[in-house]
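This briefing is meant to be read alongside the sequence and the structure. Please keep both in view while going through the points below.

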Amino acid sequence: MFTGIIETMGLVSNITSKGTNLQFTVESLLAPKLKIDQSLSHDGACLTIESSKNSSHIVTAVRETLSKTTLGSWKTGKLINLEQCLKLDSRLDGHLVQGHIDTTAICINRREENGSWMYKFKFSENFASLIIEKGSICLNGISLTVFDVTKNEFSIAVIPYTYENTNLKMLFEGEPVNIEFDLIGKYINRHLKLPTN
């Protein structure tokens with residue numbers, strides 16, 4: 001479980017194919033703190049640490065993860081957002097995030113507005129019931145608030161600190177992001193769709 005508050009960015013330094021899986025080597029300041037079997041959010045996707053040495057760690061993404069996220073398109077040199085899992089005695093500064101990506105969205109507009117940044121995204125209408133005006137969303141592992149929500153579009157506003165300390169500053173029109181919709185909303189949505197008898 002995560003909060004969507006990014007701790008640092010990591011650099012993808014090596015990618016190896018292992019059957020239908022991809023193994024990533026990621027360099028970051030977090031590496032010396034990481035332990036084998038620990039969960040770590042990589043651009044919002046929860047992956048298990050397989051090894052950690054000095055300044056880098058290794059994780060593997062299976063076919064299911066690659067099919068629903070942006071991980072399959074990663075190249076060496078890419079900067080990704082990293083967050084360690086939530087401690088139960090910590091403040092929940094973002095919102096409850098599982099690290100289970102639901103789908104991806106495409107950035108269709110990006111603009112600066114007097115020190116902050118506005119982004120607009122397009123996503124599949126199949127997920128329209130999981131997003132609400134002023135609700136929480138997790139984009140590339142970042143906890144954000146959405147507005148101007150339609151059936152297949154939404155916008156976010158990004159403060160300077162988030163812009164400078166996450167990979168949103170490298171996101172441009174036409175590029176994808178990982179999305180995890182609000183956990184509570186998903187449970188409510190499923191409950192409403194189940195038969196009552």
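**Charge, size and fold of the chain**

In this predicted model, the protein chain carries 20 positive and 21 negative charges, and the mean positions of these two sets are 4 Å apart. The chain contains 3 helices and 13 strands. The points below go from the whole chain to helix 3, and then to single residues in loops.

**Overall dimensions and packing**

- The protein chain has a radius of gyration of 17 Å, which agrees with the value near 16 Å that a compact globule of 197 residues would have.
- Along the principal axes, the C-alpha trace of the protein chain spans about 50 × 50 × 40 Å.
- Of the 197 residues in the protein chain, 44% count as buried, and the accessible surface of the chain comes to about 10600 Å², with 51% of that surface belonging to carbon and sulfur atoms.
- Among the contacts in the protein chain with a separation of 6 or more, 68% are made by residues that are 24 or more positions apart.

**Helix 3 and its two sides**

- Which residues of helix 3 are buried? In this helix, which covers residues 183–193, the buried residues are Leu183, Lys186 and Asn189.
- These buried residues lie on the same side of helix 3, because they cover an arc of only 125 degrees around the axis.
- An α-helix has 3.6 residues a turn, so residues three or four places apart point the same way.
- The buried residues of helix 3 pack against strand 13, which covers residues 176–181.
- The face of helix 3 that is turned away from the buried side carries the exposed residues Ile184, Tyr187, His191 and Leu192.
- Tyr187, which lies in helix 3, counts as exposed because its relative accessibility is 59%, above the cut-off of 50%.
- The C-alpha atoms of Tyr187 and Leu34 are separated by 31 Å, and these two residues are 153 residues apart along the chain.

**Two aspartates with positive phi**

- Most residues other than glycine have a negative phi.
- Asp37 has a phi near 80 degrees, which is a positive value in a residue other than glycine; Asp37 lies in the loop between strand 2 (21–27) and strand 3 (39–42).
- With a relative accessible area of 62%, Asp37 is exposed.
- Asp148 is likewise not a glycine, and has a positive phi of about 50 degrees; Asp148 is found in the loop between strand 11 (142–147) and strand 12 (153–158).
- With a relative accessible area of 45%, Asp148 is partly exposed.

**Loop residues and their contacts across the sequence**

- Is Thr69, in the loop between helix 1 (63–68) and strand 7 (79–84), buried or exposed? Thr69 is buried, because its relative accessible area is 10%, under the cut-off of 20%.
- Leaving aside neighbours within four places in sequence, Thr69 is in contact with Ile101, Thr104 and Asn178.
- The C-alpha atoms of Thr69 and Asp102 are separated by 8.0 Å, although these residues are 33 residues apart along the chain.
- Phe172 lies in the loop between helix 2 (160–165) and strand 13, and counts as partly exposed at 42% relative accessibility.
- When residues up to four places away in sequence are not counted, Phe172 touches Cys107 and Arg110.
- The C-alpha atoms of Phe172 and Cys107 are separated by 6.7 Å, while the two residues are 65 residues apart along the chain.

How values were computed:
Residues numbered from 1 in each chain as written. Predicted model: local features only at pLDDT ≥ 70, side-chain atom pairs only at ≥ 80, totals over all residues. Heavy atoms only, no water. Buried < 20%, exposed > 50% of the residue type's maximum accessible area, 1.4 Å probe, protein only. Helix = DSSP H or I, 4+ residues; strand = E, 2+ residues; numbered from the N terminus. Arc of directions from axis to C-beta. Contact = heavy atoms within 4.5 Å. Rg over C-alpha atoms; globule rule 2.2 N^0.38 Å. Areas by Shrake-Rupley, 256 points an atom, 1.4 Å probe, with all protein chains shown as cover. Lys, Arg positive; Asp, Glu negative; His and termini not counted. Charge placed at Lys NZ, Arg CZ, Asp CG, Glu CD.
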